[in-house]
Each structure stands twice: as structure tokens, then as C-alpha cells.
Amino acid sequence: VLSVGGTDATGLTHPRGYGDAARVIAEYVKKRNVLSLEEAVRKMTSWPATRMRLAGRGSIREGQWADVTIFDLATLDDRATYENPTQFPTGIDYVLVNGVVTIDKGTHTGARAGRVLYGPGAEKRSSP
């Protein structure tokens, strides 16, 4: 059973917490050929954003928040294992969070541009 933070009952991190998206592409697009790259990306971006009714998320368009991962398909792979679950995937050189470069050539820039997302089911807080 996983708890908040991606750890199990023993406090160990699950490897999918570090390599899930890379694993989907490496395994189901590159190795097994059961998904196209476009379909895999859609299943991890616009489809969940639409299902969760998160306006301005999930696709790249003017005026929307831009979370972008730039990767090399040839070298993209998940390295996290149960023995070493915190290994970052290979092939990801740049990540932009809300349009801000956060990973630059594989190194974190120190940027903290993320925002908490509240879906339509979030409890509305009233002013005191």
C-alpha cells in the first residue's frame, strides 16, 4: 500500500515515483509498439487534465500554463528499480514548469515555479 509521497508501509520509495512517464514511453512506445508517441503523451497530459477539468492545463497553447519536458526519444529510459528506486530517467535534458526552465541540461536550476492545482471538487474556502 502506497502512502502520501510515494512510499510504502516500510517507508521505501516506489520506483514509479521517479520513472513513470519515461517508462510508459520506453516500454509501450519504443519496445512493445502498442502506443504511438503522440498517444502516450496525450494520455499523460491533455487527457488527465480534461478528465480532472483543469482549465488551462494539458496542452501547449497561448495563454495556458506550460509544463514541458524535452527529451531524446532514442535515449529516454526509466532506470528506477525496487533496489534503487530514486534513479532519474535518462534522456530528459530540459523541463519547463509553468514556462520556467527548471531542469537545464539535466541539472535543476533552483526554480520553483510549480503551483498547487485544485480541481472542480476542491472545497471552496470562504473569507472570515
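This is a tour of a predicted model, stop by stop, with what to select and what is found there.

**The whole chain**

Start with the full protein chain in cartoon view. Its secondary structure comes to three helices and four strands. Read from the N terminus, the order of elements is α-α-α-β-β-β-β. The chain has 128 residues, and buried residues make up 20% of them. Of the contacts between residues at least 6 apart in sequence, 42% join residues at least 24 apart.

**Helix H1 and glutamate 27**

Next, select residues 16-31, which form helix H1. Within H1, pick glutamate 27. Is glutamate 27 buried or exposed? Its relative accessible area is 14%, and buried means under 20%, so glutamate 27 counts as buried. Show its side chain together with that of arginine 32: a polar contact of 2.7 Å joins the two.

**The nonpolar core**

Stay with H1 and add Ala22, Ile25, Val29, Ala40 and Leu76. These five residues make up the largest nonpolar core. H1 provides the largest share of this core, three residues. In soluble globular proteins, nonpolar side chains tend to be buried together.

Now centre on alanine 40. Apart from neighbours within four places in sequence, alanine 40 is in contact with Val24, Ile25, Val29 and Leu35. Ile25 and Val29 belong to the core as well.

**The loop after H1**

Move to the loop between H1 and H2, where asparagine 33 is found. Asparagine 33 is not a glycine, yet has a positive phi of about 55°. With a relative accessible area of 59%, asparagine 33 is exposed.

A second residue to select is arginine 53, in the loop between H3 and S1. Arginine 53 also has a positive phi, about 55°, without being a glycine. Its relative accessible area is 63%; the cut-off for exposed is over 50%, so arginine 53 is classed as exposed.

**The largest pocket**

Now show the surface and find the largest pocket, with a volume of about 1300 Å³. To place its centre, select Ala21, Asp67, Val68, Thr69 and Val95, the closest to it of the 37 lining residues. Which elements each supply at least two residues of the lining? They are H1, helix H2 (37-44), helix H3 (46-51), strand S1 (68-71) and strand S2 (92-97). H1 gives the most, with eight residues. Coloured by residue class, the lining shows 23 nonpolar, 10 polar and four charged residues.

**Valine 68**

From the pocket lining, keep valine 68, which lies in strand S1. At 21% relative accessibility, valine 68 counts as partly exposed, because buried would require a value under 20%. Leaving out residues up to four places away in sequence, valine 68 touches Ile60, Tyr94, Val95 and Leu96. For a longer view, draw a C-alpha to C-alpha distance from valine 68 to threonine 102: it is 10.0 Å, with the two positions 34 residues apart in sequence numbering.

**Threonine 109**

The last stop is threonine 109, in the segment after strand S4 (107-108). Threonine 109 is partly exposed, at a relative accessible area of 42%. Beyond its neighbours within four places in sequence, the contacts of threonine 109 are Val101, Thr102, Ile103 and Asp104. Zoom in on valine 101: its backbone oxygen lies 3.0 Å from a polar atom of the threonine 109 side chain.

Note on methods: Residues numbered from 1 in each chain as written. Predicted model: local features only at pLDDT ≥ 70, side-chain atom pairs only at ≥ 80, totals over all residues. Heavy atoms only, no water. Buried < 20%, exposed > 50% of the residue type's maximum accessible area, 1.4 Å probe, protein only. Polar contact = N/O pair within 3.5 Å; in protein donor to acceptor, adjacent residues only side chain to side chain. 1 Å grid on protein atoms, 1.4 Å probe; cavity = no way out; pocket = protein on both sides within 12 Å on 5 of 7 lines; lining within 4 Å. Points joined across faces, edges and corners; volume = space filled by probe spheres on them. Nonpolar A, V, L, I, M, F, W, Y, C, P; charged D, E, K, R; others polar. Core = buried A, V, L, I, M, F, W, Y, C linked by side-chain atoms within 4.5 Å. Contact = heavy atoms within 4.5 Å.
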